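Work through the exercises below with the sequence and the 3D structure open. Each task is followed by its solution in steps.

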Amino acid sequence: EPGLPFASVDALRPWQGRLLVGGLFGLCGDVPADGLATWDGSRWESFSGLPLEKVVGLAVGGSNIFAVGRADNPITATLADLAWFDGVKWAVMGQGLGSDRGLAASLAAAADGVIAGGNFSLTSSTFPKVARWDGENWQHVGDDLATVSSYVQVTTVAARGDHLVAGGSFTLVATQQFNRIASWNGFAWEPLGTGLPGAASVVQIRGREVLAAVDKAGVLVWNGRQWASLGLCPNVYVRAMVVDGTDVYVGGAHPTPAGGLGAGVVLKWDGVGWTSLGDGGDGPVLALGKIGTKLYVGGGFRQLNGLPMARIAYFDGQSWAAVGEGVEGTASSVKTLTMSPLGELFAGGSFTHSGGLPLTNVAVWTQGTWQPLGSGTSYAGVTTLAWWRGGLHVAGDFFRAGGKTACRFSIWHDP
């Protein structure tokens, strides 16, 4: 039968005795069809009013069709990331974090929602760098953080109460000069002095101070009036930071000659100087989290301080130890860690198992074992986690979570 010329088919699903076909195409045989059609065994039938340029995932329930899509051309972006067909018409659902071009690099729990920083589209024409999830919808946070170039990213966000800070490679907000870091006052973005000498890899808030890590410049502190150095981290590119009172813990890696991330390292600032916690690892440290006296460390290492540690370990103040059997998989790494109020440790990244137990990109350490969160996420994995209002908020490069359609953002609640 006539097929789908010059097309891609990305999703198939049975629906009311017919086959739903989703993807990027304009014709099914001789029938015009923009990204979605049905096949009844003898003929094609199309839909009208689909608010997506390309369908990459489908779910059905009765007469309802749920479609997730993304733009084939990242310049035009999507009109909606999630759409719902009720048997009669299409409607836009609460949007995920869409576009072929970007994703959320960082999440932070604030008093009034979950803050996402990255490079993603919420409408057909904008690429905001910071957005707030209020439990039902995504909303822009102020003007776009931009540069004169078309592609720029917020790499890190931090929130404490109503205090929000974003860092990255941006240099403009509207027409005002900002150098790679900005503070949100509830109504507009404000610069922090003259800004940073390079892109911020991590920001944290300590009281009214802001701490920012910059490659080749170490950790810098904003005290409300000026920037000061917290002492140069010796030849380390920082990728994670935890603040605990006057102590500051950072994790990262020594740079390779090509500028990449080499051997991992964990350092502690005690108010006077930096101390190395152990002998480092054979891969970069990408995530830190602290529960009580234990500092948890995740990354791309398989050894830490000379001991086998599969992507995750902890330091108790005296020595290093493995966290169970850790997590593994092809090119695996732990990229993000967060904790629940009950002291559960959640890990996200790119991994497939712990020992013989399947774990797909996100897991929880509870009662001495790693446990999966449902079926996990699809595709490249999880980049950032945040706990807010009794749920684990998950963002990354995925289009399914727990077996359901989810465009780069999903929420886990205990069953």
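The model is predicted.

**Exercise 1. Is L19 buried, partly exposed or exposed, and why?**

Step 1. Take the relative accessibility of L19: 32%.
Step 2. Apply the cut-offs: buried is under 20%, exposed is over 50%, and partly exposed lies in between.
Step 3. L19 therefore counts as partly exposed.
Step 4. Place the residue: L19 is found in strand 2.

**Exercise 2. Which residues form a nonpolar surface patch with L19?**

Step 1. The partners of L19 are V9 and L12.
Step 2. Together, the patch has about 240 Å² of accessible area.

**Exercise 3. Describe the open sheet that has the order 1-2-5-6.**

Step 1. Four strands make up this open sheet, and their pairing is antiparallel.
Step 2. Find the edges: strand 1 (8–15) and strand 6 (44–46) each pair on one side only.
Step 3. Look at the twist: on average, neighbouring strands are turned by 30 degrees against each other, direction ignored.
Step 4. Inspect one pairing: strand 2 (residues 18–24) and strand 5 (residues 36–39) run antiparallel over four bridges.
Step 5. Pick out a bridge: L20 has T38 in strand 5 as its partner.

**Exercise 4. Is T156 buried or exposed, and what does its side chain reach?**

Step 1. Locate T156 in strand 16 (residues 154–160).
Step 2. Its relative accessibility is 5%, so T156 counts as buried; the cut-off for buried is under 20%.
Step 3. Follow the side chain of T156: it reaches the backbone nitrogen of V203 at 3.1 Å.

Terms used:
Residues numbered from 1 in each chain as written. Predicted model: local features only at pLDDT ≥ 70, side-chain atom pairs only at ≥ 80, totals over all residues. Heavy atoms only, no water. Pairing = 2+ DSSP bridges. Helix = DSSP H or I, 4+ residues; strand = E, 2+ residues; numbered from the N terminus. Axes fitted to C-alpha atoms, helices over the stretch in contact; angles between N-to-C directions. Patch = residues over 30% accessible without salt bridge, like charges linked within 9 Å, V, L, I, M, F, W, Y side chains within 5 Å. Areas by Shrake-Rupley, 256 points an atom, 1.4 Å probe, with all protein chains shown as cover. Salt bridge = Lys/Arg side-chain N within 4 Å of Asp/Glu carboxyl O. Buried < 20%, exposed > 50% of the residue type's maximum accessible area, 1.4 Å probe, protein only. Polar contact = N/O pair within 3.5 Å; in protein donor to acceptor, adjacent residues only side chain to side chain.
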